[in-house]
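Colleague: Could you take me slowly through one part of this model, a single helix, and then show me what lies around it and elsewhere in the chain?

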Amino acid sequence: YLKISKLALAFAIIHSKPPGKSCKEYTEHLAKTVSEQDFGWQSKVEALEAEVLRLRQELLLNKICPRFCLENDASAETLLDQECINPMSYSSQLEDSGCDVSNDYAFDSLGIASDFHQSEHVDTSKRWLERIPPLNLCCTSKEESLTAPVQFLQHLLEIRKLSEGGILQADFRELENDSFTVCNSVSQLLDGLTVFYNSPKFPVSNFLTEAVCVLISLITDNKLSNHVLKKCFKKLEEFKKNLIQIILRNSNVNRFQALHAVSRTLVLLGRNNVLRNSLISLLLSEVRQFAEQLLEAHQIQAVYDITQYENIFPLCMILEQLLQNETEESNVSRSDYDGEEKIKFLKNLDQIILHLSDEFPLFSLYLWRVGVLLNSAQIQ
């Protein structure tokens with residue numbers, strides 16, 4: 001049937017081709033016309049799907065908490081029209097190679113941004129008025145795909161904070177009934193951030209910085225994180241893998257500023273206990289595989305990838321930071337440290353360090369420090 005259909009189509013093209021055109025030229029013209037029509041329909045479908053998702057988001061928010069049912073004589077319309085976003089921003093944007101960073105975000109600790117950490121301890125009654133998201137955000141084309149999910153998740157977080165402060169009543173059981181909207185919104189946010197990190201532009205706009213803050217707030221919120229992690233865990237795992245590969249694959253000359261931004265996001269993701277264990281496993285696997293490849297290349301005097309060697313250090317720093325946090329938090333379960341990745345990493349670690357220490361002392365030092373942290377967690 002397929003052969004007969006192709007033959008019939010060929011005859012139809014031959015019989016209908018205009019004079020002065022070959023069959024090949026006419027066929028290419030027809031194919032281009034059809035593809036343009038398909039593209040037009042596809043763009044229309046995407047626009048309609050985006051509008052459907054926006055309406056579903058608005059409906060879900062209204063089900064959780066009708067916007068105009070605020071207590072204490074506060075108007076929901078007034079609150080939601082506030083445009084006072086105070087996002088965490090990078091204190092300095094590097095102008096050259098990115099090898100030098102400011103003291104606020106020095107890589108020696110790769111710590112959580114102090115502004116973000118301290119903001120969690122500010123009185124809720126003062127914060128919610130300052131962080132109500134605007135209804136209309138001015139974004140570049142790359143950021144447009146993030147607008148809807150960021151606004152939806154911001155409103156969700158603010159409703160949660162207002163309900164916790166007793167300012168309004170909210171029913172978050174509706175999240176169980178409409179998991180599609182939450183999952184789709186988080187998925188769009190993660191995809192948009194991945195696109196940005198693949199080809200970042202500096203300085204980072206406030207809106208993209210706010211998008212990262214929204215994601216971190218969502219997965220660290222006690223009430224909302226269970227809903228998000230339960231429905232979007234696979235997508236979050238994929239996002240972490242993508243960020244790790246972005247670090248390893250980046251070969252731009254002035255890449256260090258971009259690597260710092262990605263690394264900082266990974267550390268923030270690692271603050272969540274559930275995500276931390278899986279992230280540590282991913283990092284252990286990547287560092288171990290690179291160490292084994294480097295040892296093999298060193299033993300046979302083969303050429304190794306110097307770019308990947310430079311890019312492995314951010315992963316080592318992230319891993320060390322997460323392991324330090326894990327060791328310091330005595331109340332956190334360490335069952336994951338008896339897993340397969342830990343065993344593989346420690347199996348031949350001493351031999352690898354012994355053979356690489358003369359030629360690659362800094363990398364060997366990082367391997368040793370990670371090994372010490374893994375062993376100290378086991379001893380405790």
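Modeller: This is a predicted model, and a good place to begin is helix H8, which covers residues 179-198: at 1.5 Å a residue, its 20 residues should span 28 Å, and because its end C-alpha atoms are 28 Å apart, the expected span and the model agree. Many residues of H8 are buried, among them Thr181, Val182, Ser185, Val186, Leu189, Leu190 and Leu193. In general, an α-helix has 3.6 residues a turn, so residues three or four places apart point the same way. The buried residues of H8 also include Gly192, Thr194, Phe196 and Tyr197.

Helix H8 also takes part in the second largest pocket, where the elements that give two or more residues to the lining are helix H2 (23-64), helix H6 (141-164) and H8. This pocket holds about 380 Å³ of space, and 16 residues line it, of which Glu46, Ala50, Leu53, Ser145 and Gln188 lie nearest its centre. The largest share of the lining, 8 residues, comes from H2, while by class the lining has 5 nonpolar, 5 polar and 6 charged residues.

Elsewhere in the chain, the aromatic rings deserve a careful look, for the model has 10 aromatic pairs. One of them is formed by Phe290 and Tyr309, whose rings are 6.3 Å apart from centre to centre with 35° between the planes, which makes the pair tilted. Phe290 lies in helix H12 (residues 273-299) and Tyr309 in helix H13 (residues 306-328), so that this pair links distant parts of the chain, 19 residues apart. Both Phe290 and Tyr309 are buried. Another pair is that of Phe313 and Phe363, which is edge-to-face because the planes of the rings stand at 85°, with their centres 6.3 Å apart. Since Phe313 belongs to helix H13 and Phe363 to helix H16 (residues 361-379), the pair ties together parts that are 50 residues apart in sequence. Phe313 and Phe363 are buried as well.

These residues belong to a wider group, in which ring pairs link Phe290, Tyr304, Tyr309, Phe313, Phe360, Phe363 and Tyr366 into a cluster. At one member of that cluster, Tyr366, there is also a charged neighbour, for Arg369 lies over the face of the ring, at 5.7 Å from the ring centre. A similar arrangement involves Lys44, whose charged end sits over the ring of Trp41, 5.0 Å from its centre.

Conventions. Residues numbered from 1 in each chain as written. Predicted model: local features only at pLDDT ≥ 70, side-chain atom pairs only at ≥ 80, totals over all residues. Heavy atoms only, no water. Phe/Tyr/Trp six-rings, centres within 6.5 Å; stacked < 30°, edge-to-face > 60°. Helix = DSSP H or I, 4+ residues; strand = E, 2+ residues; numbered from the N terminus. Buried < 20%, exposed > 50% of the residue type's maximum accessible area, 1.4 Å probe, protein only. Lys NZ or Arg CZ within 6 Å of the ring centre and 35° of its normal. Expected span 1.5 Å × (residues − 1). 1 Å grid on protein atoms, 1.4 Å probe; cavity = no way out; pocket = protein on both sides within 12 Å on 5 of 7 lines; lining within 4 Å. Points joined across faces, edges and corners; volume = space filled by probe spheres on them. Nonpolar A, V, L, I, M, F, W, Y, C, P; charged D, E, K, R; others polar.
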